[in-house]
Amino acid sequence: MTSTLERPSQGDEAGGVAATGDPKRFRALGIIALAQLMVVLDASVVIIALPSAQKALHISTANRQWMLTAYTLAFAGLLLLGGRIADYFGRKRMFIVGLIGFAAASAVGGLAQNAAMLFSARALQGAFAAIMAPAALSLLTVAFTEPKERARAFAVYGGISGAGAAVGLILGGALTQYASWRWTLLINVPFAIFAAIAATRVVRESSSAANHGYDLPGAATVTGGLLALVYAFTKAGTDGWSSSIAVALFTAAGVLLLAFVAIELRAEHPLLPMRVVLHRDRGGSFLASLLIGTGMFGTFLSLTYYFQNTLHYSALKSGFAFLPFSLGIITGATLASRFLPRIGPRLVMGGGLVLAAGGLFLFSQLDPSSTYASIVLPAELITSLGMGLAFVSLSSTALIGVNPEDAGVASALVNSTQQTGGSMGAALINTIATTATASYIVAHGHTPAAIEAGAIHGYTTAFTFSGIVLAAAAVAAFTLIRRARFQEQPVDALDEEVYVEENEAVALAGAGV
């Protein structure tokens, strides 16, 4: 889930990793890839299981998005802090702690008896993933020090992300349909326990010699601010945008997020150094990443309910219906990694976002007579191809030219901004869709036909909003990113191959496809 990419530091080598690499590094790669597979599976199987979980636990329409946002909020808010903790206390140690904690949280979620228990478990999953993910990527980078070999390792890692999501969609559908939605969470437990035990034997410990501090006030204010903002969107959908509780929550979110910025500007060891964000190219990529998360997470939520509630697909058939999206992202990422060294990130990222926005606007043309082949399939392929082009460009722009001490922060921010945008987007777009549906039914009556048409109206309104958000991301990419090409950084054939493979793999991992 994370896209943290760092170079081995002197502290790492002092910690016992020789310049020639860890002799057990290929077995360690297998364990790290297994952990990544678990996280990717969790993301995709939960999307398919959401309608069944909502019915079983009597979760309201306004609150259903918390099954996604509880995880993404905790993950995004704690990711940078998790990286700091892993660097200081030991990456292997925290990788194992993250695996065990993720397994325990998955078990609690799978056995949940009510919505609060499920949402709490999802938040715990996100918190432990925020510890495990940066530790895993750091261990991978430290173990593979030879550039071409390291690129191959990242290719394996990224390939797991792409293939794992496709497998997860089918597995999630099969488990939900033939067993129970609970097994979409419980399946994590054996994966995590096996990986934790194996990691104690084959993964070598490494840590950073420097103590950069933890910035707990920064972590608390940004996580609290995002939580208040997402809850405000939820309450706006149930109580109205001008209700006292919604206004109070929006105000609290604004105060906490402003406090976070103030803390980061003054902290000796900030969680988020402002110099990373204020660099024009990187700032443009982070803004685009935030907007992508905002637009796309809500799209997955709407499509899931459209498949299962409107087209009446089974959970398994819904999983197959999502497959073209995964394939499109993989194809787009492959193309982007070849285009980037030649035409640069501005055109690749901006063009990909324009393409993705067009796909979302095509989704907005759905009506009660639409079929999967007529609109959904071409819209999925167009949107996902554009997303694949954009993801690789985002990763490269965030990393090219960054100071070595900021490399981990910059690369983690790509994923963190996507997750943050996803948290806000899932809540906001769910509110927009439910409000549009309710307004349509009030205007057209409560007949079965009106209710079905009202649901589709809610989805298309959400798709239109998402398309506007991605169009705004394209504008940000075209106007803020100055590099037309990476002319200032010529590379030879081997370096270009390494560059291509690393960025493609990191982008796939960050996208969680």
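How many aromatic pairs does a search of the whole structure find? The count is 14. Keep in mind as we go that this is a predicted model. Let's start with a few of those rings and then work our way outward.

Take Tyr306 and Tyr459 to begin with. Their rings meet edge-to-face, with 6.0 Å from centre to centre and 85 degrees between the planes. Why does this pair tie together parts that are far from each other in the sequence? Tyr306 belongs to helix α12 (residues 280-310) while Tyr459 belongs to helix α17 (residues 448-480), so the contact joins parts that are 153 residues apart in sequence. Both of these tyrosines are buried.

Now compare that with another couple, Phe307 and Tyr313. These two rings are stacked, with centres 5.8 Å apart and just 15 degrees between the planes. Are the two partners buried or exposed? Phe307 has a relative accessibility of 0%, so it counts as buried. Tyr313 comes out at 15%, and because buried means under 20%, Tyr313 counts as buried too. If you zoom out a bit, you'll find that ring pairs link up into a cluster made of Phe300, Tyr306, Phe307, Tyr313, Phe322, Phe325, Tyr372 and Tyr459.

Rings can also have a charge for company. Look at Tyr305: the charged end of Arg64 sits over its ring, 3.9 Å from the centre.

Next, try the loops. Most residues other than glycine have a negative phi. With that in mind, find His312, in the loop between α12 and α13. Its phi is near 60 degrees, a positive value, even though His312 isn't a glycine. His312 is exposed, too, with a relative accessible area of 62%. A second histidine to look up is His58, which has a positive phi of about 55 degrees. You'll find His58 in the loop between α2 (25-57) and α3 (66-89). At 72% relative accessibility, His58 counts as exposed.

What about opposite charges? The count of salt bridges comes to one. The partners are Asp239 and Lys235, and their closest N and O atoms are 3.5 Å apart. Where do they sit relative to each other? They are four residues apart in helix α9 (residues 216-239), so about one helical turn separates them. The general rule goes like this: an α-helix has 3.6 residues a turn, so residues three or four places apart point the same way. Asp239 itself is partly exposed, at 40% relative accessibility.

Finally, let's visit the surface. Which residues form a nonpolar patch there? They are Leu335, Phe339, Ile343, Leu347, Val354 and Phe478, and together they have about 510 Å² of accessible area. Helices α13 (315-343) and α14 (345-363) each supply at least two of the patch residues, and α13 gives the largest share, with three.

Helix α14 deserves a closer look. It has 19 residues and reaches 27 Å from its first C-alpha to its last, close to the 27 Å expected at 1.5 Å a residue. Val354, from the patch, has its place in this helix and is partly exposed, with a relative accessible area of 47%. Plenty of other residues in α14 are buried, including Val348, Met349, Leu353, Leu360 and Phe363. So α14 has buried residues such as Leu353, and it also supplies residues to the nonpolar patch on the surface.

Definitions and conventions
Residues are numbered from 1 along each chain as its sequence is written. This is a predicted model: local features need pLDDT of at least 70, side-chain atom pairs count only at pLDDT 80 or more; totals for chains, interfaces and linings use all residues. Side-chain values use heavy atoms; hydrogens and water are left out. Patches are made of residues with over 30% relative accessible area and no salt bridge: like charges are joined within 9 Å, nonpolar side chains (Val, Leu, Ile, Met, Phe, Trp, Tyr) within 5 Å. Accessible areas come from the Shrake-Rupley method with a 1.4 Å probe; for residues, only the protein chains shown count as cover. A salt bridge is a side-chain nitrogen of Lys or Arg within 4 Å of a carboxyl oxygen of Asp or Glu. Buried means under 20% relative accessible area, exposed over 50%, partly exposed in between (1.4 Å probe, protein chains only). The expected span of a helix is 1.5 Å times one less than its number of residues. Rings of Phe, Tyr and Trp (its six-membered ring) pair if their centres lie within 6.5 Å; planes under 30 degrees apart count as stacked, over 60 as edge-to-face and the rest as tilted. A charge sits over a ring if NZ of Lys or CZ of Arg is within 6 Å of the ring centre and within 35 degrees of the ring normal.
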